[in-house]
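Please examine the sequence and the structure shown here, and then follow the account below, which moves from the confidence of the model to selected details of its fold.

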Amino acid sequence: MTKNSKNIGLAKSEFEDLFKTYFVGLSAFAQKYVKDIDSAKEIVHDVFVNLWNKRATIDPKKSLKSYLFTAVKNRCLNKIRDDKKFDTSIEDLDTVSNQFKAEDQDHLELAELEQKIHSILMQLPEKCRAVFILSRYEGKKYKEISQELNIAQKTVETHISKALKALRLGLGNYLKLCITAFIIWLNKG
Amino acid sequence: MENFDLIIKYLNNEANAEEKKTFELWLAESNENQKQFDSLKQTWLLSNQSSKEIQNINIEAEWSKINAHLKDNTQGKIKSISNKTYSRKSFLQIAASIIILLSIGTVLLSRESQTSIIFAEKGILDQELPDGTSICLNKNASLEYTQEFNKNERFVKLQGDANFDVAHNPEKPFIIDAGNINIKVLGTSFMVHAPKNSKYREVIVEKGKVEVKSKNKDGSENKVILVKGQKVIFDVETNSVRRAAIDQNYNAWRTKIFRFVDAPMHLVARRLSQAYHHEIIIPNQKTMNCPITVEGNKESFEVIIDRIEENYNREILFKKKSDRYEIHGSCR
């Protein structure tokens, strides 16, 4: 393949799209390894900055998704290893990487689901989204939410319904494609 | 679906006794109802597979954050210190390049509204000043300037390590206040190093010309002009200035690549400290001058110190004490 400088190289706008598309999924993915959300986000930031620095050699037509997830995973493993004290032996390193291999795919799928949920919720009106997050992810009762935000409990119910409707619509295809076994497992729990 | 709200209330365990009964009756009515419930329950279960930290991520804010870290070079070239290409600055007619290494001790954090502060909190930070000068700050370094910057002169205050690539403008001299010394740029671009808590101020000129001003103990002013290949060290404790030879590892803080051949331990320690952000103390005077030969190529701090210990048969040891390292031992 002849190298034509017009065909490779990532423009700022393409980079921005890439960032906005994958940032949440990559952060969710990183969080599975490093646990702490701030460390996870920092790793994702670093990966993107690094990508930006190499942008002249990137072919924008090729999918960067797997590169991004692999890069994030590697940095996560490095961080875990570095956070252990200096006397980590080579043996330990191998154990760490091998252990994760089996879980990587699960983590990836889950992270993609979280990304999808995030983008669906982002399209809701801010109040609706906020109420849903308080209920679903902070485990707050309807009464607590209505007091906290100073709205009627009925309004809380309406917001949550609206959010779930949007999620059902948006995750519809997702359900059919790859989560059947996952849901059966969840139902058992 | 009228029963939607009811189903969700049931799933969220918010239904009261009466509502529960209504729901269970509805559910038992038909298979169709059971299917609707299952489908909604699936969504409900799926939606739970996330966390507030992830769902609260603000993409626009994250984009703004990273955008500030990106160098906007339309030709996408990676600038290296030794092979600097000035493609995007050629129109500013950059004539020479000065690289200065300077050590600075105090933190300056001004909260006045007319002051701009660039602080490299998380790591190496590239930024551009309003006059087109580009700077590269090492972790924890900060640069401060007011809105007077670029009016008649270009005055900045620096703490920490930084490289400067100063836009050419003979009408407006570029001056850096580095705590105890002032650096005036006589050429066009230069680099300044200024580690925290160091009692040395170090200025190295790679290309071009700078004037370094300091005050002697008796209050009189001391001016030194440096040209390419020259280095000066200012000792804060004794207020003395002396010329010294350049060590080729002054860039190690940025590249993490270095090569020491019989270099005195205190210099190796200083360069390692700049590169890896660990405070390193040498309690014993004798250890300070031990000649050290070691190379490093983008490796971690632990690997490097292990290598040094290994090379000297463990007669030199790096001991970790809470947040800093101490070098103990002796050499032949």
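Within chain B of this predicted model, confidence reaches its lowest point in strand β9(B), residues 191-192, where the mean pLDDT is 56. The highest value belongs to helix α4(B), residues 52-55, at 94. One stretch of chain B, residues 73-113, has a pLDDT below 50. Beyond near neighbours in sequence, this stretch nevertheless has 109 contacts in the model. Over the whole of chain B the average pLDDT is 77, and 81% of the residues score at least 70. The scores for the model are an ipTM of 0.83 and a pTM of 0.48.

Attention may now turn to a pair of helices. Two packed helices are described by the angle between their axes and the distance between the axes. In chain B, helix α2 spans residues 17-29 and helix α3 spans residues 31-47. These two helices pack at an angle of about 115°, and their axes are 5 Å apart. On the side of α2(B), the contact is formed by Trp26(B), Leu27(B) and Glu29(B); α3(B) contributes Asn33(B), Gln34(B) and Phe37(B). Sorted by class, the residues of this contact comprise three nonpolar, two polar and one charged.

Further along chain B there is a sheet. It is open, consists of three strands in the order β10-β13-β14 (chain B), and shows antiparallel pairing. Its edge strands are β10(B), residues 200-204, and β14(B), residues 240-244, each of which pairs on one side only. From one strand to the next, the twist averages 20°. Strand β13(B), residues 231-235, is joined to β14(B) in the antiparallel sense over five bridges. Within this pairing, Asp235(B) has Ser240(B) of β14(B) as its bridge partner.

The last feature concerns the backbone of a loop. Most residues other than glycine have a negative phi. Which sign does phi take at Asn313(B)? The value is positive, about 50°, although Asn313(B) is not a glycine. Arg314(B), likewise not a glycine, has a positive phi of about 60°. Asn313(B) is located in the loop between α9(B), residues 301-311, and β18(B), residues 316-321, and Arg314(B) lies in the loop between α9 and β18 of chain B as well. Are these residues buried or exposed? A residue counts as exposed if 12 or fewer other C-beta atoms lie within 10 Å of its own. Asn313(B) is therefore exposed, because 8 other C-beta atoms lie within 10 Å. Arg314(B) is also exposed, with 9 other C-beta atoms within 10 Å.

Notes
Residues are numbered from 1 along each chain as its sequence is written. Chains are lettered from A and ligands numbered from 1 in the order in which they are written. This is a predicted model: local features need pLDDT of at least 70, side-chain atom pairs count only at pLDDT 80 or more; totals for chains, interfaces and linings use all residues. Two strands pair if DSSP finds at least two bridges between them. Helices (H or I, at least four residues) and strands (E, at least two) are DSSP runs, numbered from the N terminus. Axes are lines fitted to C-alpha atoms, for helices over the stretch in contact, and angles run from 0 to 180 degrees between N-to-C directions. Two residues are in contact if their C-beta atoms, placed from the backbone, lie within 7 Å. Ala, Val, Leu, Ile, Met, Phe, Trp, Tyr, Cys and Pro count as nonpolar, Asp, Glu, Lys and Arg as charged, and the others, Gly among them, as polar. pLDDT is the predictor's confidence in each residue, from 0 to 100. A residue is buried if 20 or more other C-beta atoms lie within 10 Å of its own, exposed if 12 or fewer, and partly exposed in between; C-beta atoms are placed from the backbone.
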